[in-house]
Structure formats: structure tokens, C-alpha cells
Amino acid sequence: MKALLWFVLCAAIAANVSLNFLVEENGLHIALSVVSGVVVLASGTGLWMLRREARP
């Protein structure tokens, strides 16, 4: 599960960066940026929730 979340996180970050170079400034660019941002936040939250607690 963690490996899938890491893959999705990296893919969404790469997609967000590449969108700045490929798509012109219009509604599609905004929509795709919002979707990739939500995916980054969701996968990051999933990874944070699955982390192991440090035990003393």
C-alpha cells in the first residue's frame, strides 16, 4: 500500500510540474493543477496516516 501511495505521490508531483510546461494558461490548466494538487495532498495524507509511530 505504501509503495502505491509513493508512486501516486511522485507521479502527481511530476504531472503538476509538467503541466506548467505543456498546457497554456486556461481553464483546463487550472482544473488539471487542482486535480493533481488534490492527489498529492491525498496520497501525502495517506502516507502520513500509515507511518509507524516512533516508540521510545
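Leu-47 has a relative accessibility of 12% and therefore counts as buried, the cut-off for that class being under 20%. The model in which this residue is examined is a predicted one. Leu-47 belongs to helix 2. Leaving aside residues up to four places away in sequence, Leu-47 is in contact with Lys-2, Leu-5, Trp-6 and Leu-9.

The surroundings of Leu-47 lead to the helix as a whole. Along with Leu-47, the buried residues of helix 2 are His-29, Ser-36, Ser-43 and Gly-46. The partner against which these buried residues pack is helix 1, which comprises residues 2-22.

The geometry of helix 2 can be followed along its length. With 23 residues at 1.5 Å a residue, helix 2 should span 33 Å, and because its end C-alpha atoms are 33 Å apart, the expected and modelled values agree. Within the helix, Leu-47 and Ala-31 are 16 residues apart along the chain, and their C-alpha atoms are separated by 24 Å. At the start of helix 2, Asn-26 places a side-chain oxygen within 3.1 Å of the backbone nitrogen of Leu-28.

Beyond the other end of the helix, the setting changes. Leu-50 lies in the segment that follows helix 2, which covers residues 27-49. The relative accessible area of Leu-50 is 38%, so this residue is classed as partly exposed. Leu-50 joins Met-1, Leu-4 and Phe-7 in a nonpolar patch on the surface, and together these residues have about 480 Å² of accessible area. Leu-47 is thus buried, whereas Leu-50 is partly exposed and contributes to a nonpolar surface patch.

Technical notes. Residues numbered from 1 in each chain as written. Predicted model: local features only at pLDDT ≥ 70, side-chain atom pairs only at ≥ 80, totals over all residues. Heavy atoms only, no water. Patch = residues over 30% accessible without salt bridge, like charges linked within 9 Å, V, L, I, M, F, W, Y side chains within 5 Å. Areas by Shrake-Rupley, 256 points an atom, 1.4 Å probe, with all protein chains shown as cover. Salt bridge = Lys/Arg side-chain N within 4 Å of Asp/Glu carboxyl O. Helix = DSSP H or I, 4+ residues; strand = E, 2+ residues; numbered from the N terminus. Buried < 20%, exposed > 50% of the residue type's maximum accessible area, 1.4 Å probe, protein only. Expected span 1.5 Å × (residues − 1). Contact = heavy atoms within 4.5 Å. Polar contact = N/O pair within 3.5 Å; in protein donor to acceptor, adjacent residues only side chain to side chain.
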